[in-house]
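Here are my notes on the model, set out as numbered points. Please read them with the structure open.

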Amino acid sequence: MTPAFDQRPEAAVLCAAAAPVPLVWARQMLQQHWALDATLAPVSGERDSNFSVQAMLAGVPIQLLFKASHPDEPALVTDYQTQALLHLARHAPTLPVQRLQPAASGAAAVTAVAPDGRPRVLRLLHWLHGLPMPQAPRTASLRASVAGLLAQLDAALAGLQHPAAALDLPWDIQRAHSVASLVDAMPDAGRRALAGAALQLFSAQALPHLAALPRQPIHNDFNMHNLLVDPARPDQASGILDFGDMLAAPRINDLAVAAAYQLDADGDALGTVADFAASYHAQAPLQPAEADLLWPLVQARLMMVVAISGWRALRQPQDAAYLLRNNPISWARLQACAGVPPARARDAIRAACGV
């Protein structure tokens with residue numbers, strides 16, 4: 001029997017109390033380990049302590065991002081993200097992801113004990129410039145660009161091997177059924193039924209087949225807040241941020257996560273997902289079995305968003321506004337999906353991809 005979500009060890013990381021590091025200490029670490037005299041300013045982040053860094057590098061002014069990991073996040077998980085960025089630098093140097101700035105020792109990351117007595121993994125990354133995608137016009141061309149960029153990223157990540165791939169990590173659609181207790185506890189009967197239907201569809205149509213699908217490391221959070229747009233070409237995605245939720249999973253899960261955030265709740269919900277899948281398929285061809293599972297996986301992701309964020313908001317009321325920022329549109333998207341028969345969705349996605 002699957003344990004209740006609250007009892008899963010990885011769920012504790014989601015509700016861990018904030019553990020910021022002092023700016024003065026961060027500046028000292030930059031001097032000590034990167035030999036940089038810099039001006040720092042705090043940058044918001046969900047788990048890590050982040051600072052914007054203005055410094056001179058080889059005599060050239062540069063903006064960087066300094067990250068101190070949350071002490072409750074296992075160092076192995078943080079290293080998974082670090083190794084992914086190093087892997088991409090070697091195998092996909094043109095992909096628009098943040099690049100690590102090595103420490104003076106040559107290390108990609110440094111571990112140091114913060115003033116609170118707990119160890120932190122420290123990393124320095126080059127800043128990616130661009131327009132945050134939520135500020136860009138929503139267009140079919142931009143959606144196609146996002147799908148193509150994700151296809152390139154997945155192709156580049158496919159060869160990465162890391163021991164963290166064996167871990168159970170949060171936000172894993174493979175374990176969407178583990179949030180059943182959160183769905184059952186939803187106070188609104190209509191919403192409980194809507195989320196429950198998505199969970200039932202996942203359990204019946206997707207879960208039994210996931211193990212047979214192509215599996216690899218995935219970004220797992222290709223939402224609009226983690227993407228940048230070229231201001232000169234607002235129909236082109238130009239940057240990928242935040243590998244903090246990456247894990248090893250069926251490749252189709254990465255497409256499902258991204259498609260869930262591109263789904264048009266006020267228009268043709270199925271059409272936007274099918275077109276998004278076709279743009280991905282054009283660069284990273286999908287197997288028929290992958291295409292067939294996309295629709296239930298999209299709904300599973302939306303169900304997890306509303307269930308987990310609602311659960312977290314009850315435990316972290318001071319952060320409720322941030323945690324629930326995607327819930328209204330996620331509920332609207334779930335409602336838009338509910339009116340589409342699964343067989344019709346499967347046929348539309350197959351036809352769009354030509355599989």
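In what order do the 3 strands of the open sheet run, and is the pairing parallel or antiparallel?

1. The sheet. This is a predicted model. The order is E6-E8-E9, and the pairing is antiparallel. Strand E6 (131-132) and strand E9 (233-240) sit at the edges. Each of these two pairs on one side only.

2. The E8 to E9 pairing. These antiparallel strands are joined by 4 bridges. To find the register, look for Leu-228, which stands opposite Gly-239 in E9.

3. The helix across the sheet. Helix H4, residues 140-157, lies across E8 and E9. Its direction makes an angle of about 25° with E9.

4. The largest pocket. Its space comes to about 1200 Å³. The lining has 43 residues. Nearest the centre are Ser-44, His-225, Asn-226, Asp-242 and Tyr-322. Several elements give two or more residues to this lining, among them strand E3 (60-68), helix H3 (75-91), strand E5 (119-126) and strand E8 (227-230). Helix H9 (288-315) and helix H10 (320-323) also belong to that group. H9 provides the largest share, with 4 residues. By class, the lining holds 18 nonpolar, 13 polar and 12 charged residues.

5. The second largest pocket. The volume here is about 390 Å³. Lining it are 24 residues, and the closest to its centre are Ala-18, Gly-45, Glu-46, Arg-47 and Asp-48. At least two lining residues come from each of helix H1 (11-14), strand E1 (39-43), strand E2 (49-57) and H10. E2 makes the largest contribution, 3 residues. The class split is 13 nonpolar, 6 polar and 5 charged.

6. Asp-242. This residue deserves a second look. It is among the residues nearest the centre of the largest pocket. It lies in the loop between E9 and strand E10 (247-250). Its phi is positive, near 60°, and it is not a glycine. Is Asp-242 buried, partly exposed or exposed? Asp-242 counts as partly exposed because its relative accessible area is 38%, within the band from 20% to 50%.

7. Ala-35. Here is another non-glycine residue with a positive phi, about 55°. Ala-35 is in the loop between helix H2 (23-34) and E1. Its relative accessibility is 59%, so Ala-35 counts as exposed; the cut-off for that class is over 50%.

Key:
Residues are numbered from 1 along each chain as its sequence is written. This is a predicted model: local features need pLDDT of at least 70, side-chain atom pairs count only at pLDDT 80 or more; totals for chains, interfaces and linings use all residues. Side-chain values use heavy atoms; hydrogens and water are left out. On a 1 Å grid over the protein atoms alone, a cavity is a set of points where a 1.4 Å probe fits but cannot get out, and a pocket is an open set with protein on both sides within 12 Å along at least five of seven lines; lining residues have an atom within 4 Å of a point. Grid points are joined across faces, edges and corners, and a volume is the space filled by probe spheres set on the points. Ala, Val, Leu, Ile, Met, Phe, Trp, Tyr, Cys and Pro count as nonpolar, Asp, Glu, Lys and Arg as charged, and the others, Gly among them, as polar. Two strands pair if DSSP finds at least two bridges between them. Contact means heavy atoms within 4.5 Å. Axes are lines fitted to C-alpha atoms, for helices over the stretch in contact, and angles run from 0 to 180 degrees between N-to-C directions. Buried means under 20% relative accessible area, exposed over 50%, partly exposed in between (1.4 Å probe, protein chains only).
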